[in-house]
Amino acid sequence: MSAPAIEGWFTTGPDPTLTGERCTTCATVYFPPTIAAAGYCRHPACEGEEFERVPLSRRGRVWSYTDAQYQPPPPYPAPDPFEPFAIAAVELPEGIVVLGQVARGYGVDDLRVGAEAELVVEPEAVGGALVWKWLPLGSGHVTELGEEADQ
């Protein structure tokens, strides 16, 4: 099994979750979990300096979406030839919005603002490192996760 592309940002397995941090002073939640290294809370009215790791909700609502028709610059590991992909910003119940690619086989036609999406983990197209992605739920899309879609 491949390793996560970024260690500590998400879990793998049958029910993966993103890993966030919560300020122990004001309870503000952050993602990605790197703020503790900075030693201060991002909330402007908080002077908290201690944080705890917390699993984030697996489901949220599509806040916005787009597609990547052009190959991102390095260090993005693009397949050759480049294959366009969809990107979704998903708002979690914790009140934060997390950006991520959309699950393989799904595109912008499967996304709607306000629709539910669920976190999944898939291997990158190049290199095979595991990355989190958003799976649109209730899109009417009949293709199983990981199969090619008619788009």
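A residue counts as buried here when its relative accessible area is under 20%, as exposed when that area is over 50%, and as partly exposed in between. With that in hand, let us walk through this structure, which is a predicted model. Of the 151 residues in the chain, 39% are buried. The chain exposes about 8,700 Å², and carbon and sulfur atoms supply 51% of that area.

The fold is quick to outline. There are eight strands and zero helices, so if you follow the chain from the N terminus you will meet the elements as β-β-β-β-β-β-β-β. Among contacts with a separation of 6 or more, 55% are between residues 24 or more positions apart.Five of the strands close into a barrel, in the order 4-5-6-8-7, with mixed pairing. Within this sheet, neighbouring strands are turned by 45° against each other on average, direction ignored.

It helps to go around part of the barrel seam by seam. Strand 4 (59-68) and strand 5 (85-91) run antiparallel and are joined by seven bridges; at one of these places, D67 has A86 in strand 5 as its bridge partner. Moving on, strand 5 pairs with strand 6 (residues 97-102), again in the antiparallel sense, over five bridges. Here E91 stands opposite V97 in strand 6. On the other side of strand 4, the partner is strand 7 (residues 116-123), with three bridges in the antiparallel sense. R59 has its bridge partner, E118, in strand 7. As you look along these strands, keep in mind that side chains in a regular strand alternate between the two faces of the sheet.

The pairing of strand 4 with strand 7 is a good place to turn to charges. Side chains of opposite charge can pair when their charged atoms come close. The structure has seven salt bridges. In one of them, E118 meets R58, with the closest N and O atoms 3.5 Å apart. This pair links distant parts of the chain, since E118 is in strand 7 while R58 is in the loop between strand 3 and strand 4, 60 residues apart. Both E118 and R58 are buried. A second salt bridge joins the side chains of E116 and R59, at 3.7 Å from N to O. Because E116 lies in strand 7 and R59 in strand 4, this pair ties together parts that are 57 residues apart in sequence. How accessible are E116 and R59? E116 is partly exposed, with a relative accessible area of 27%, and R59 is partly exposed too, at 39%. These four residues belong to a network of salt bridges that links D15, R58, R59, E116 and E118.

Strand 7 also takes part in a salt bridge with strand 8. K133 and E122 come together with their closest N and O atoms 3.2 Å apart. K133 sits in strand 8 and E122 in strand 7, 11 residues apart. Both K133 and E122 are buried.

Next, look at the aromatic side chains. Seven aromatic pairs are present. One of them brings W9 and F31 together edge-to-face, 5.7 Å from centre to centre and with 70° between the planes. W9 is in the segment before strand 1 and F31 in the loop between strand 2 and strand 3 (51-55), so the pair ties together parts that are 22 residues apart in sequence. F31 counts as buried because its relative accessibility is 15%. W9 has another partner in W132: the ring centres are 6.2 Å apart and the planes are at 45°, so this pair is tilted. W132 belongs to strand 8 (residues 130-136), and the pair therefore ties together parts that are 123 residues apart in sequence. Like F31, W132 counts as buried, at 15% relative accessibility. Ring pairs link W9, F10, F31 and W132 into a cluster.

Finally, a few backbone details in the loops are worth a look. The loop between strand 4 and strand 5 contains P75 and P81. The peptide bond from P74 to P75 is cis, with omega near 20°, and the bond from D80 to P81 is cis as well, with omega near 10°. In the loop between strand 1 (19-23) and strand 2 (29-30) you will find A27. The phi of A27 is near 70°, a positive value in a residue other than glycine. Is A27 buried, partly exposed or exposed? At 45% relative accessibility, A27 counts as partly exposed.

Notes: Residues numbered from 1 in each chain as written. Predicted model: local features only at pLDDT ≥ 70, side-chain atom pairs only at ≥ 80, totals over all residues. Heavy atoms only, no water. Helix = DSSP H or I, 4+ residues; strand = E, 2+ residues; numbered from the N terminus. Buried < 20%, exposed > 50% of the residue type's maximum accessible area, 1.4 Å probe, protein only. Pairing = 2+ DSSP bridges. Axes fitted to C-alpha atoms, helices over the stretch in contact; angles between N-to-C directions. Contact = heavy atoms within 4.5 Å. Areas by Shrake-Rupley, 256 points an atom, 1.4 Å probe, with all protein chains shown as cover. Phe/Tyr/Trp six-rings, centres within 6.5 Å; stacked < 30°, edge-to-face > 60°.
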